[in-house]
Amino acid sequence: MMRAQGITMCRIFHRGSSTPQSKASSALVAIMVMLCLSGVLCSVPTTQYRSRLSGPSGSFPKNFIWAAGTAPHQVEGDRDKDGETITTADVLTHLREIREAKTTAKPREFTGCGHSQGEKTVELSNPRRDEKIGTARSGSERKTKMVAGDVWKRAGSQNPDWRSEVRCESGRDNSSGEYDRAERYIAAAKLLGLTHYRFSMMWARLFPGGHVDGSSPNVAALCYYQMLIEGLLAEGIRPIVTLYHWDLPKALNVRGGWLNGSTVNDFVVYAAFCFKTFGDQVKIWLTFHDPLNAAIHGYGTGRLPPRHQDPNGTSAFVVAHNMLLAHAQVYRLYQSRFKPLQAGRVSLVLASPWMKPTRSNGLSGLKLPHRVTLDATLGWFAKPIFGDGFYPEALQSHAGKHLPRLLAAHRHIIHGSADFFALSFGPTSFRYLEPWQLLGQVPSLSLRPLLTYVDQEYGSPPILLADCGWFVDAQVGTEDTTNLYMLKSFLYNSLQAVQLDGVNLIGVTVWPLLDGFDWSLGVQQGLFLLDSKQGDVTLKPKTSSLLYRDIVAQNGFGSAPPFHNGTFPCGFTWGAMDTAIQVEITSSYHGIYLWNVSGDGHLHSISSAHPHQSFHCSQAASVRHLVSALHWLGITHYRFTLDWGLLLPDADPSRPNTDALQFYHCFVRELRKAAIKPVATLHRPWDPSNGLPMKLQVAGGWKNPSIVSAFKSYANLCFKTFGYDIQSWVTLDEPNQPKCLWKNGVHKNGKMSADESMASEKDDIKHGDLNSITHNLFRAHVLTWQAYDNHYRAQQGGRVGLALLADWYKPANPYMLSDQEAATDALVQQLGPFADALFSVVPKFSFETTSSTSEQANSSVPLKTPSPYVQPASSANDTTFPLHYGACDFLGLNHFTTWLVGNNGWVFRDITIMRSPLDNSVEPQGLRQLLNWLRHRYGDSMALVVTANGIDDRSSRTDHLRVIYHKSYLNELLKAIQLDGANVQGYFSWVLRDRTVPDYGLFASSYYRGAAKSSAKLYRSIIRKNGFPSNASHITESCKVKKQNYKNTSLQNQSYYTCPFCQYIKVKGHIFFFCTCLIFSAVVFAVFIAIYLTHLIC
């Protein structure tokens, strides 16, 4: 199998800067992405196989919310425009001093919306601020008086050109400038087909002084937000508004910010103003975005705004408590005063990571480490609101007396203060975890179990995924393939949670819509790229946005490919194969012996029971079981590989191993007796179990041109010996396999172990070696085909073909032309060196060679090699032959999986595709696409045979994955034949039997008593029906396989498949016998006691 596929992190996230800050940022990015990939790799257990054959399928519920979002500090920028003052977010940026200097300047006068700024005001009164820092009064202790005019009416349609150009600067000023470019991201949301758009209102922009009472709102901000909302609604996009996203006005921060209980009341009045002004058009409100991190790292560690550091760590608990009270009071205010008229919904956004559950180590279920972590993060706010109304035990034990108490009055307004559960799952959820929250665990980017946990832990609330996204390096531009797959995995995890776990997920918000500032890494990659090279900022959709657009348009991942009913052509070849068979040259029957007949304690043979006859292969137990399995399976052909090194140990055709020749000859005859036609492979260059004769290995293997003559002589011997019994030959199996080129490197001392081979791949394989190996393999096939065609075909009537590794390659990023070209190039490099020369009158294969062969040796993409026939034969032992078109009776295709190839040579991994334990993807449509590609490239007349097709599965009996694999791949093969006109003449399942542990076999190995697996039963059923008929009775008699009478009566009378209960009794018979005896003894004893008691009574 090809090597594990990953993304080279050091290349993807190389920034090119050598400053300490950039190095730290690069290291942070690398750590986060490794976390990302580890989570992705583990997010879908390989033992759980679902019906996702060529990709994810399925739809989200009707009226599902498809949204994208932004935060004000990410996109608005322009702090000093239209009256906005410094916020806590501004303090965190690099322009703090510059911005503070700007506060002394007179704000720019706003003349938009057709009204002067002082024409009409809004007055809001607020109770006196007499609370102490760290305290907050409950809603019942406060009264909010609001007198609001219809300010938004005068901010109506008479606005002048509010889309003025804004010059981007550094820091947060390098955001997208959403404040002046609302039209552009409305168009971006429309392009994606979104149903909702989430944005935040900036408190400091609406009320620059922070205090709502006795102050007038900024009319410019009112005008902007109103026009934004109306612009969204005009395009059929409904707004989701966040009231607070870490942008507390600096005036309030000076007074203690959220440590001051008076900020709670200020926020309630601010929220009331927003409800009153915009509530008729906004139906979904979010009070806070991630209050947990805002509290811990804004007022504890100082890593987030307002960067307040508290070594004791007590401030964070007070801030979180005040935010919780503020949210609850806002919710109750909306329920009592606004919801009856506006019919909206209110919640808050809670961020949470997911921790892969670990062993309990004796802990109870409620104290498992991952549950403790979730309680200490998500449960901090979720438990009081959605749970029992109290803080989690994990938080109480950690904070102790520093955690404010939730009084009965508090719990009364907090419990149930959300209409839905808004969840955030992004970099911030993982970036700021503290050691006391991690508990030594490794976070995982598995969204599905987190959604399921929220559903089960908090009473199945409606869940809105309010923040879902990841990041990539800014240098990738619009070709964000990594982010595309992250987004796809998150969305597919969400769909699985809905379909398989019953989670009530009502919507997904991809974050962010636009490139902009991000607290975690300095820059967060959005769905659209901001291009300001031409002086004017333009939005360019990234490939991840195109994926999201397609998913939104289908309301999910679409439907699975339709199943096709029909039957294969009459005479279709049904086969199975093994890489090698066990050659036995001595009988497994040892006669009959008597022990100790003369008192000497030894075994004595009974001579009459030991007939003196030559060994016959049918006496070998392995052959009997093999033929029995093939006969039970019902196949028409069996493919196996002859052992060149065993048949010709000295590579001399005049001195063959006669015992091995007799065994193979006998084995072929036994197959024909069972009405099974043998298909023999002469050599597998890359398989160490079918190695070369030692003499040829010492001479350099396939790098030495003299091996061509040796192979031709070996083939002549096989044709002469077995040619009348074997009508189908495969000269070489997978000569285009990269392992074949690696294996034939420089051999030391005539022999090289597997470890030595892998260790010396880079050093041994050179550009000239690749040319020589490929050329010699090609010449060996052509000369062997010519020999059979000239000397044996007329008498034997057989066919000689070539089997190539033929996996399908598709672009890792289907929206990138460069990736599409890379996939086509990889496919040509895989098949072209052999297929072009054999089946194209004018070879199409590119003669381009590569300069860095050692680098490619580590890649799963096929190695680029020049056309093998362009170099003349240089061996003195063989003559030069001309280009031979058609020197192949059929082309065998060893097809196993599909690879995702990028333009940079990387092979990507899509976790939404079903995968095997060895990480092979199950994409049956790849087989059909491969057949169509071959048909269009080489014509319809080329005879094709699928000579190997299978997948690994760890189950020794019920191999569900392989059942899905064979059924889906065979159905796609049927489509290619019936619907596309592909000339496919046969199919061979890979492989017949496992060697030891459960792997690729249809039958288990002898260690598991050789039982037929579920996939074997499925394959048998398909063979008997000759496909997938809609009605089994429609199968014509002419297409039914008429087998000869099986002459071996011992095989006739045995059924290879035994029932599970019979198999259990066979294995556990001694236990069953003991239990039977015990029960019988108990019954006898009970009867005896009964008789005895009866006798006493009488």
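Helices here are DSSP runs of H or I with at least four residues, strands are runs of E with at least two, and both are numbered from the N terminus. By that assignment, R307 sits in the loop between α12 (291–299) and α13 (315–342). I shall return to this residue shortly.

First, the basis of the numbers. This is a predicted model, in which local features need pLDDT of at least 70 and side-chain atom pairs count only at pLDDT 80 or more, while totals for chains, interfaces and linings use all residues. Residues are numbered from 1 along each chain as its sequence is written, and side-chain values use heavy atoms, with hydrogens and water left out.

Let me begin with the chain as a whole. The protein chain has 40 helices and 27 strands. Of its 1098 residues, 58% are buried; buried means under 20% relative accessible area, exposed means over 50%, and partly exposed lies in between, with a 1.4 Å probe and protein chains only. A contact is a pair with heavy atoms within 4.5 Å. Among contacts between residues at least 6 apart in sequence, 79% join residues at least 24 apart.

I turn now to the backbone. R307 has a phi near 65°, a positive value in a residue other than glycine. Because its relative accessibility is 46%, R307 counts as partly exposed. A675 also has a positive phi, of about 60°, although A675 is not a glycine. A675 belongs to the loop between α25 (658–673) and β18.

There are also cis peptide bonds to report. The bond from W511 to P512 is cis, with omega near -10°, and P512 is in the loop between β10 (505–510) and β11 (528–531). W990 and V991 are likewise joined by a cis peptide bond, with omega about -15°. Here V991 lies in the loop between β26 (984–990) and α37 (1014–1025).

Next, helix packing. Two packed helices are described by the angle between their axes and the distance between the axes. For helix α9 (residues 219–234) and helix α11 (residues 262–278), the axes come within 12 Å and cross at roughly 50°. The axes are lines fitted to C-alpha atoms, for helices over the stretch in contact, and angles run from 0 to 180 degrees between N-to-C directions. Which orientation term applies to α9 and α11? They are oblique to each other, since angles under 35 degrees count as roughly parallel, over 145 as roughly antiparallel, 65 to 115 as roughly perpendicular, and the rest as oblique. On the α9 side the contact is made by L222, Y225, Q226 and I229, and on the α11 side by F273, T277 and F278. These residues divide into 5 nonpolar, 2 polar and no charged. In that classification Ala, Val, Leu, Ile, Met, Phe, Trp, Tyr, Cys and Pro are nonpolar, Asp, Glu, Lys and Arg are charged, and the others, Gly among them, are polar.

I come to the salt bridges. The criterion is a side-chain nitrogen of Lys or Arg within 4 Å of a carboxyl oxygen of Asp or Glu. By this rule the count comes to 25.

One of them pairs R669 with D725, at 2.8 Å from N to O. The pair links distant parts of the chain: R669 is in helix α25, D725 is in the loop between α27 (707–722) and β19 (728–733), and they are 56 residues apart. R669 is partly exposed, with a relative accessible area of 41%, whereas D725, at 10%, counts as buried.

D725 also brings us to K677, which is in strand β18 (residues 677–683). The C-alpha atoms of K677 and D725 are separated by 8.2 Å, with their positions 48 residues apart along the chain. Leaving aside neighbours within four places in sequence, K677 is in contact with T636, H637 and Y638. At 48% relative accessibility, K677 counts as partly exposed.

A further salt bridge joins E923 and K810, at 2.5 Å from N to O. E923 is in the loop between β24 (907–908) and α35 (925–938), K810 is in strand β21 (residues 808–811), and the two are 113 residues apart. E923 is buried at 4% relative accessibility, and K810 is partly exposed at 24%. In addition, salt bridges that share partners join R371, K383 and E457 into one network.

Finally, the side chains of D550 and R549 meet in a salt bridge of 3.3 Å, N to O. D550 is partly exposed at 25% relative accessibility, as is R549 at 30%.
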